[in-house]
Amino acid sequence: MATWKRDGRVTGCQRLGCAGLAGALSLSLTAPLELLTVLAQVGASPPWRGLWQAGRSVCQAEGIGALWKGNLTACLRLFPYSALQLASYRRFVMLFMDDLGHISQWSAIMAGSLAGTVATIVTYPTDVVKTRLIVQNRLEPSYKGILHAFYMIYHQEGFLALYRGVSLTVLGAIPFSAGSFFVYINLNKIWQKPSFRFSPLQNFINGCLAAGVAQTLSFPFETVKRKMQAQSPCLPHYGGVDVRFTGMVDCFRQTVKTRGVLGLWCGLTANLLKIVPYYGVMFSTFEFCKRVCLYRNGYIESPLSYKLIPGVDQSLQPQELQELKLLRRGNFEPPKPTLEN
């Protein structure tokens with residue numbers, strides 16, 4: 001059992017800003033691996049071609065900037081996604097929490113999975129647009145930008161095209177949660193000590209390991225989702241998808257028939273290689289941004305360390321701390337001289 005508690009020294013807007021900036025930087029640095037993952041899932045990149053060869057082929061055909069196709073859409077999606085995820089996670093945690101304020105590990109993982117699912121469903125159209133921008137040829141684009149892609153998909157294929165494959169997000173959350181839970185319940189055996197004694201490095205390794213296992217188990221659902229997002233009769237070569245299908249089940253069937261069962265895991269290597277740099281950059285950037293916020297709020301001496309300012313009550317929220325400082329400043333302010341007639 002664990003107690004859910006967040007750092008009250010950082011405001012909600014600051015927390016959202018830290019998460020958005022950390023996510024945008026980590027997405028941008030790992031965008032080439034994300035592009036290679038999507039191209040392999042869709043089938044636009046041959047399965048026998050290695051990552052280096054696939055990346056070089058994209059650069060030669062469309063220029064080096066093509067490695068960041070769809071990245072702006074992913075970054076813009078971060079802020080509404082993070083806001084929805086944080087708000088939903090808090091609601092689900094409160095729902096699963098007992099009367100003493102404790103929550104089990106499985107319930108915490110389920111809360112995180114459900115919050116991610118809610119945020120993904122609401123922002124799903126932006127994910128469809130990102131996939132379409134990735135699979136199109138940058139030199140002969142079908143879509144001129146993000147807004148143009150929204151407009152063309154809606155008018156050519158209808159509103160439901162923006163939610164094509166969304167059910168796989170819900171289905172994929174089941175093996176994802178199971179994989180995360182399997183890793184976390186065995187961490188004590190792996191490290192030979194209780195979880196509350198884990199170091200920051202061990203927690204980082206735990207997160208990467210859980211993400212690797214969870215994403216591997218849910219990857220077939222992600223592959224079929226990408227194929228459904230990309231396929232369109234309005235695009236050249238049906239969006240570059242390697243199989244033709246009429247729905248979710250048929251997409252599974254045709255993929256296995258054409259490429260075998262392992263075809264559902266095409267692109268997994270690039271996806272797994274992305275985990276360590278993605279989470280490493282995200283966590284380090286988030287922690288630095290958090291220290292900047294704590295420094296600005298008056299809790300620590302420098303944004304380069306977590307050294308606390310002596311005499312500052314760390315239990316106070318930012319607004320309460322500012323009010324206390326103003327009150328003390330008013331009490332110690334010398335009286336203004338009065339003019340005597």
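**Loop residues, a pocket and a surface patch**

Tutor: In this predicted model, Y238 is partly exposed, because its relative accessible area is 36%, and Y238 sits in the loop that runs between α10 and α11.

Student: What's the phi of Y238 like?

Tutor: Phi of Y238 is near 55 degrees, which is a positive value in a residue other than glycine. Most residues other than glycine have a negative phi.

Student: And H237, what is its phi, and where does H237 lie?

Tutor: Phi of H237 is near 60 degrees, again a positive value in a residue other than glycine, and H237 lies in the loop between α10 (200-230) and α11 (248-259).

Student: Is H237 buried or exposed?

Tutor: H237 is exposed, because its relative accessible area is 69% and the cut-off for exposed is over 50%.

Student: Switching to pockets, how many residues line the second largest pocket?

Tutor: The second largest pocket is lined by 22 residues, with A44, E62, V135, Q136 and N137 lying nearest its centre, and its volume is about 480 Å³.

Student: Which helix gives the most to that lining?

Tutor: That is α3, with 5 residues, while α2 (31-42), α3 (51-62) and α6 (124-135) each supply at least two residues of the lining. By type, the lining divides into 10 nonpolar, 8 polar and 4 charged residues.

Student: Last thing, which residues form the nonpolar patch on the surface?

Tutor: Y154, F159 and L160 form that patch, and together they have about 360 Å² of accessible area. Y154 belongs to helix α7 (residues 146-157), and Y154 counts as partly exposed because its relative accessibility is 44%.

How values were computed: Residues are numbered from 1 along each chain as its sequence is written. This is a predicted model: local features need pLDDT of at least 70, side-chain atom pairs count only at pLDDT 80 or more; totals for chains, interfaces and linings use all residues. Side-chain values use heavy atoms; hydrogens and water are left out. Patches are made of residues with over 30% relative accessible area and no salt bridge: like charges are joined within 9 Å, nonpolar side chains (Val, Leu, Ile, Met, Phe, Trp, Tyr) within 5 Å. Accessible areas come from the Shrake-Rupley method with a 1.4 Å probe; for residues, only the protein chains shown count as cover. A salt bridge is a side-chain nitrogen of Lys or Arg within 4 Å of a carboxyl oxygen of Asp or Glu. Helices (H or I, at least four residues) and strands (E, at least two) are DSSP runs, numbered from the N terminus. Buried means under 20% relative accessible area, exposed over 50%, partly exposed in between (1.4 Å probe, protein chains only). On a 1 Å grid over the protein atoms alone, a cavity is a set of points where a 1.4 Å probe fits but cannot get out, and a pocket is an open set with protein on both sides within 12 Å along at least five of seven lines; lining residues have an atom within 4 Å of a point. Grid points are joined across faces, edges and corners, and a volume is the space filled by probe spheres set on the points. Ala, Val, Leu, Ile, Met, Phe, Trp, Tyr, Cys and Pro count as nonpolar, Asp, Glu, Lys and Arg as charged, and the others, Gly among them, as polar.
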